[in-house]
Structure formats: C-alpha cells, structure tokens
Amino acid sequence: MNSFCKNIMFFLLVRAIAIIPLIASSSLELDQGYHDDNNMRFLWFDKWQVHVVNDLSNKKTLLVHCKSKDDDLGIHNIAAGTEYNWKFRPRVFGNTLFWCHLAYDNLHAAFDVYWENEALYYKCDYNDCFWIARDDGIYLKDIRNNRVEHRHPWKLG
C-alpha cells in the first residue's frame, strides 16, 4: 500500500473516531424529559462507579458477588456500615451490563446494578450508582432527588 492510500486511511479513521460520539448522542432518545444538558454525549468516555452499601441492622455481614459479561468481580463479604465498589467505562458500542447477587442469613437477591437506561443515568447522576442493602430489601439512591427507592425484595433460600 502506497503512502497516499495510508494517509487516506488514517484520515478516514480519525474522522470516524471524531464523529462516533456525535452520531450516538444525536440518536439517543431522552426518557421522561429529564435531560437538560450534554451528559449523554460523554457517557462512554466517563468512568462510572457502582457502590453496594451494607446498611443491614445488627452488624450483619453482606455477601456480594457482582459480574458483567466480561468480568467476574469475585465474592466479597461486606461488614455492616461499609461498601463494595468498582469503577468501569461503558462499552463504546453499548450493551454494558453489571449484575449482583447479594445474600445474608437465609435471604438473597439478584438484580442488575448497571444497564444502559436514561432513567438510571439520571438517578445515578450520570456516573455514580448507589445500591443499599437494608433489612427490608434493596434500594437505589436517587442522587438527583436526594431520596432512596425500594427496588428489590429479599427472597428466602
């Protein structure tokens, strides 16, 4: 391949990399009209952090096992009043998903902790999701509205 063709290929590659975020941000649909800034445009470039907080009573230890399609984050025993957290960057072409299995005593819950959804982005303030384990279930902290909402019950077993 001669140098002219290499230069053209390099130019096309650079243009494609520069245009991908613009195309993606223009094709995203806003959910429930939350979005009044440009946070979505840079979701792929920002690091996200997911927190799993043990807010159980009586100093109970929480077992946490989180995964994605590509990564098994291992099993962690979280003391009361502490948290397990990790950081990641969403995949450029979408479909990033993390889920966790939580357990204590004879109760457990399994659920998604990060998925691509505008309502979740908003509640997590576009980079920081807090999942809180309490005696009566699992809660998601809505950072923007300064509240927590019950999301998942514990199951016996």
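Here is a chat between a student and an analyst about this predicted model.

User: Let's start simple: how many helices and strands does the protein have?

Analyst: Walking from the N terminus, the elements go α-β-β-β-β-β-β-α-β-β-β-β. Count up the two kinds and you get two helices and 10 strands.

User: Which strands stand at the edges of the mixed sheet?

Analyst: That sheet is open, with five strands in the order 4-1-7-8-9. Its twist averages 25° from one strand to the next. A strand at the edge has a single partner strand, so one side of it is left without a neighbour in the sheet; that describes strand 4 (83-88) and strand 9 (147-152).

User: Which residue in strand 9 does Leu-140 stand opposite?

Analyst: Strand 8 covers residues 137-142, and it runs antiparallel to strand 9, with five bridges joining the two. Across from Leu-140, in strand 9, you'll find Glu-149.

User: And the antiparallel sheet: which are its edge strands?

Analyst: Here five strands form an open sheet, and the order is 3-2-5-6-10. Look for the strands that pair on one side only: they are strand 3 (72-78) and strand 10 (155-156).

User: What is the bridge partner of Leu-107 in strand 10?

Analyst: Strand 6 and strand 10 are antiparallel and pair over two bridges. One of the partnerships between these strands is His-108 with Lys-155. For Leu-107, the partner in strand 10 is Leu-156.

User: Strand 5 and strand 6 form a hairpin, so to speak; which residue in the turn has a positive phi?

Analyst: Seven bridges join these two antiparallel strands, and one bridge pair is Tyr-104 with Leu-107 in strand 6. The hairpin has two residues between its strands. The turn residue with a positive phi, about 45°, is Asp-105.

User: Ser-68 next: is it buried or exposed?

Analyst: You'll find Ser-68 in strand 2, which spans residues 62-68. The cut-off for buried is under 20% relative accessible area. Ser-68 has 10% relative accessibility, so it counts as buried.

User: Which residues does Ser-68 touch, if we skip those up to four places away in sequence?

Analyst: Being far along the chain doesn't rule out being neighbours in space, so let's check a pair. Ser-68 and Thr-96 are 28 residues apart in sequence, yet their C-alpha atoms are 7.7 Å apart. The side chain of Ser-68 also reaches the backbone nitrogen of Asp-70 at 3.2 Å. As for the residues touched beyond that four-place window, they are Leu-97, Phe-98 and Trp-99.

User: Which side chain does Gln-49 join in a polar contact of 2.9 Å?

Analyst: Gln-49 sits in strand 1 (residues 48-54). It counts as buried because its relative accessibility is 16%. Beyond four places in sequence, its contacts include Trp-86, Lys-87, Asn-127 and Cys-129. The side chain at the other end of that 2.9 Å polar contact belongs to Asn-85.

User: Which residues have the most contacts inside the largest nonpolar core?

Analyst: This core has 30 residues. Several elements give it two or more residues, among them strand 1, strand 5 (98-104), helix 2 (118-123) and strand 7 (128-134). Inside the core, the ones with the most contacts are Leu-62, Trp-86, Leu-102, Trp-131 and Trp-154.

User: Now the loop between helix 2 and strand 7: is Tyr-126 in it buried or exposed?

Analyst: Both Asp-125 and Tyr-126 lie in this loop. Phi is positive for each, near 55° at Asp-125 and near 65° at Tyr-126. Asp-125 counts as partly exposed because its relative accessibility is 32%. Tyr-126 has a relative accessible area of 4%, so the word for it is buried.

User: Last one: what share of the residues in the protein is buried?

Analyst: Zooming out, the protein exposes about 9,600 Å², with carbon and sulfur atoms supplying 53% of it. Among contacts between residues at least 6 apart in sequence, 52% join residues at least 24 apart. Out of the 157 residues, the buried share is 35%.

How values were computed
Residues are numbered from 1 along each chain as its sequence is written. This is a predicted model: local features need pLDDT of at least 70, side-chain atom pairs count only at pLDDT 80 or more; totals for chains, interfaces and linings use all residues. Side-chain values use heavy atoms; hydrogens and water are left out. Helices (H or I, at least four residues) and strands (E, at least two) are DSSP runs, numbered from the N terminus. Buried means under 20% relative accessible area, exposed over 50%, partly exposed in between (1.4 Å probe, protein chains only). Contact means heavy atoms within 4.5 Å. Accessible areas come from the Shrake-Rupley method with a 1.4 Å probe; for residues, only the protein chains shown count as cover. Two strands pair if DSSP finds at least two bridges between them. Axes are lines fitted to C-alpha atoms, for helices over the stretch in contact, and angles run from 0 to 180 degrees between N-to-C directions. A polar contact is a pair of N or O atoms within 3.5 Å; within protein, one must be able to donate a hydrogen and the other to accept it, and residues adjacent in sequence count only if both atoms are side-chain atoms. A nonpolar core is a set of buried Ala, Val, Leu, Ile, Met, Phe, Trp, Tyr and Cys residues joined through side-chain atoms within 4.5 Å.
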